[in-house]
Every structure is written in structure tokens, then in C-alpha cells.
Amino acid sequence: MTTTVLAQDAIYWSFVGRGVGAILLYAVIGVLLMLLGFWAIDLTTPGKLPQMVRAGLPNAVTITAAGMLSMAFIIVVAIYSSSGSLLEGILSSLIFGLVGIIAQVAAVRLLEWVTRIDIGEVIQSEERRAAANVVAAAHVALGLIVAVAVL
């Protein structure tokens, strides 16, 4: 009886250990991809986005928040859809997350170009601009589209 209980305990703790390890690895991947997503938005946006956000420019904050939310959709679905071994799941999450971020940022910039929104002027404005809401909605919508495409 004692041997059976100890064996079950070992199996249980092994399961818990793998689960905790997976959570930590996916959390690290999620944070890294979010940082990369922020960097991609900053790189493709005129001006220094972190400085504008810290300064509280309302349009920069709105667009950045929507961009980060859309990146999170992509990353969450990339992690959710990963299957197989832990290594395969991590690799597919990284690959789909990276491709998704690139596709999402490119699509938003294309939409800004097609609609002729001067994103540099919009985000640097100290007054709220309606165009910021359009760009923010585009971030969220395209993030959802890309996320579902990962599935």
C-alpha cells in the first residue's frame, strides 16, 4: 500500500513539475513576443512611441494599447493551438507568434496607407483624434484575424 501511494505521489509531482515548467516557459515566450510586438509597432511608427506613451499623448496611448492587445490575441492563440511535445509547442508558438506579429503590423501599416492616415501626426497630437480610434480598431481587428488564422 505504501509503495503504491509513493508511486502515485511521484507521478503526481512529476505531472505538476512539468505543468509548472510549461507555464513558466510559455510565460517567458509570451513576454518576449509582447516585447517584440511592441518593438515592431514602435519601429514602424514615426517618432519614439515609448516616450509619447510616457508623456501621456492620448492617441499614442490608445494605438499602443490596441496594438499590444492585438499582439496578445495572436500570442495566446499561437500558444493555445500548439500541440505535441513541449518543445514542439514552444517552437510552434514562437514561429506562429513571430509570423503573426509581422503580418499584423504590416496589415495595419497598409491600412493606414490606404486610408491616408498620417499616423505620425495623429499620435503626436495632444488632442484626441478620431483617426486614432480607426487605427486602434484596425489593430484589434487584424490581431483577431491573424490569431484565428493561426488556428
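Leu91 lies in helix α4, which spans residues 86-115. The model described here is predicted. Leu91 has a relative accessibility of 45%, so it counts as partly exposed. The cut-offs place partly exposed residues between the buried class, under 20%, and the exposed class, over 50%. Leu91 also belongs to a nonpolar patch on the surface. Its partners in that patch are Leu87, Ile95, Phe96 and Val99. Together the five residues present about 480 Å² of accessible area.

The loop between α4 and α5 holds Arg116. Helix α5 covers residues 119-124. The backbone of Arg116 stands out by its phi, which is near 60°. This is a positive value in a residue other than glycine. Most residues other than glycine have a negative phi. Arg116 counts as exposed because its relative accessibility is 73%, and the exposed class begins over 50%.

Burial is seen in helix α3, which runs over residues 58-81 and contains Ser70. The relative accessibility of Ser70 is 0%, so this serine counts as buried. What does Ser70 touch, residues up to four places away in sequence not counted? The contacts are Gln104, His139, Val140 and Gly143. Gln104 falls within the residue range of helix α4, 86-115.

Helix α1 extends over residues 2-43 and includes Gly30. Is Gly30 buried or exposed? Gly30 is buried, since its relative accessible area is 12% and the buried class lies under 20%. Gly30 is also paired in space with Val76. Along the sequence, 46 residues separate the two. Their C-alpha atoms are 7.9 Å apart. Val76 falls within the range of helix α3, residues 58-81.

Beyond helix α1 comes Thr45, in the loop between α1 and α2. Helix α2 comprises residues 49-54. Although it sits in a loop, Thr45 counts as buried, because its relative accessibility is 7%. Which residues are in contact with Thr45, leaving aside neighbours within four places in sequence? They are Arg109, Ile119 and Ile123. Arg109 is 64 residues from Thr45 along the chain. The C-alpha atoms of this pair are separated by 8.6 Å. Arg109 falls within the range of helix α4, residues 86-115. Ile119 and Ile123 fall within the range of helix α5, residues 119-124.

In summary, Ser70, Gly30 and Thr45 are buried. Leu91 is partly exposed, and Arg116 is exposed.

How values were computed. Residues numbered from 1 in each chain as written. Predicted model: local features only at pLDDT ≥ 70, side-chain atom pairs only at ≥ 80, totals over all residues. Heavy atoms only, no water. Patch = residues over 30% accessible without salt bridge, like charges linked within 9 Å, V, L, I, M, F, W, Y side chains within 5 Å. Areas by Shrake-Rupley, 256 points an atom, 1.4 Å probe, with all protein chains shown as cover. Salt bridge = Lys/Arg side-chain N within 4 Å of Asp/Glu carboxyl O. Helix = DSSP H or I, 4+ residues; strand = E, 2+ residues; numbered from the N terminus. Buried < 20%, exposed > 50% of the residue type's maximum accessible area, 1.4 Å probe, protein only. Contact = heavy atoms within 4.5 Å.
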